[in-house]
Amino acid sequence: MSILVTGGAGFIGSNFVHTWLAGSDELLVNLDKLTYAGNLGNLQSLAQDPRHMFVHGDIADRELVQALLTQHQPRAVLHFAAESHVDRSIHGPLDFIHTNVVGTCQLLESVRAYWSGLSPDVQQSFLFLHVSTDEVYGSLKPQAPAFNETNLYEPNSPYAASKAASDHLVRAWHHTYGLPVLTTNCSNNYGPFHFPEKLIPLVLHNAMAGKPLPIYGDGMQIRDWLFVQDHCRAISRVLEAGRPGETYNIGGWNEKPNIEVVNTLCSLLDELHPRADGKSYAEQITYVKDRAGHDRRYAIDAFKISTELGWRPQETFETGLSKTVAWYLQNQCWVENVTSGGYRDWVTANYAGRA
Ligand code: NAD
Ligand code: DAU
């Protein structure tokens with residue numbers, strides 16, 4: 001028995017690999033292109049583990065993916081690989097089309113060819129699980145109810161549009177070809193191995209480097225935060241008991257305005273890693289030019305996954321954030337490794353024009 005994971009060297013993918021292997025002896029084949037966001041350092045503790053096989057490659061490479069499927073005969077494919085950062089999608093949308101749209105389509109075709117050749121009983125138990133985002137639903141008005149699985153798709157950024165397209169492809173491969181698929185749409189994750197281009201790890205990194213903590217616009221945009229390992233447990237549960245063809249929203253029932261998140265991070269750092277001058281890290285907060293087309297509010301109604309599958313987050317925002325800050329303080333080598341080289345070029349490209 002084996003499973004194939006795509007994008008397992010990224011933030012959520014690597015957390016999933018660790019969470020999965022903590023409870024399974026199955027072979028996990030991990031296919032990742034190692035873009036700027038993929039990092040083998042996230043998987044270092046598995047280097048000698050025979051249950052983990054890392055393969056460097058692109059999901060759009062049909063020959064490679066079909067060879068992996070034929071060789072390892074996985075019972076499931078879990079698709080995490082994507083270009084994932086909204087700001088990068090605004091600077092350069094085409095990489096998002098290559099991986100999130102064309103790559104997902106090529107992967108679906110490779111999987112369909114493999115699945116079509118399986119015996120009927122193996123075919124029936126096979127699953128393709130597509131990991132997606134709440135951003136496909138667009139932006140909520142202040143008093144609107146949280147997104148549930150029946151909300152219209154109204155993606156606003158190139159990233160969100162590319163993920164929406166991938167969700168539609170997955171849905172169509174189920175309806176047209178009968179491929180057994182599951183789609184999950186999750187809210188904002190945070191936790192270990194989060195690349196410091198995203199708000200929470202960027203603020204932690206900048207705070208300790210004595211740099212400004214950039215708040216886009218008025219800082220009152222709302223996100224629904226979920227600790228990454230809770231997301232990973234939700235994915236395992238959907239794989240175990242989800243109904244093929246269904247979508248499941250995953251979220252933490254935990255809406256926070258950005259400025260509140262950043263102030264909480266500053267307070268945690270003040271306590272755990274005080275500034276040498278005794279002042280608060282909050283003094284480094286700097287309001288900067290807003291993100292183009294910035295979505296005002298996301299919130300997930302996670303009622304379906306909770307009632308149908310019995311999943312609930314185990315961490316509160318307070319416990320999850322404390323664990324996250326502690327992880328970043330203890331793993332400064334990891335931060336130094338991932339913030340060398342190309343990272344600096346990105347910071348210049350994204351923040352130089354916002355002052
Ligand atoms: P990430 O950017 O940290 O990691 C993406 C991984 O995919 C990297 O390891 C990268 O090397 C790999 N990859 C990119 N293009 C590839 C290609 N063509 N072939 C093979 N591998 C490729 O992303 P993440 O934050 O871990 O997100 C994982 C998935 O979860 C994405 O599909 C994202 O849309 C979704 N998601 C993320 C969040 C979040 O808060 N981060 C929330 C909801 C859903
Ligand atoms: O909602 C799920 C999505 O969450 C995922 O699909 C995406 O892959 C993931 O990147 C994340 O998207 P966001 O755009 O919400 O995350 P980000 O961390 O980039 O930004 C969070 C909020 O903080 C957002 O309102 C923008 C704001 N922000 C971000 C950065 C990087 C700032 O104010 N300053 C910053 O420097």
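1. A quick definition before anything else: a polar contact here is a pair of N or O atoms within 3.5 Å. Keep in mind, too, that this is a predicted model.

2. With that cut-off in hand, look at Asp58: one of its polar side-chain atoms sits 3.0 Å from a nitrogen atom of ligand 1, so the pair counts as a polar contact. Ile59 joins in through its backbone, with a polar atom 3.0 Å from a nitrogen atom of the ligand. Ile12 also uses its backbone, placing an N or O atom 2.7 Å from an oxygen atom of ligand 1. On its own, ligand 1 has 830 Å² of accessible area, and the protein covers 97% of that.

3. Now the wider shell. Ligand 1 is surrounded by 28 residues, with Ile12, Asp32, Ser84, Tyr159 and Lys163 the closest. By type, the shell splits into 12 nonpolar, 12 polar and four charged residues.

4. Which elements supply at least two residues each to that shell? They are helix H1 (11-21), strand E5 (127-133), helix H6 (158-177) and strand E7 (188-190). E5 gives the largest share, at three residues.

5. Away from the ligand topic, have a look at helix H13 (residues 342-351). Its buried residues include Tyr343, Trp346, Asn350 and Tyr351. These four lie on the same side of H13 because they span an arc of only 100° around the axis. Arg344, Asp345 and Thr348, on the other side, are exposed.

6. What do the buried residues of H13 pack against? Their partners are helix H3 (86-91), helix H7 (199-208), strand E8 (213-216) and helix H12 (332-338).

Note on methods:
Residues numbered from 1 in each chain as written. Chains lettered and ligands numbered in written order. Predicted model: local features only at pLDDT ≥ 70, side-chain atom pairs only at ≥ 80, totals over all residues. Heavy atoms only, no water. Near = heavy atom within 4 Å. Polar contact = N/O pair within 3.5 Å; in protein donor to acceptor, adjacent residues only side chain to side chain. Areas by Shrake-Rupley, 256 points an atom, 1.4 Å probe, with all protein chains shown as cover. Nonpolar A, V, L, I, M, F, W, Y, C, P; charged D, E, K, R; others polar. Buried < 20%, exposed > 50% of the residue type's maximum accessible area, 1.4 Å probe, protein only. Arc of directions from axis to C-beta. Contact = heavy atoms within 4.5 Å.
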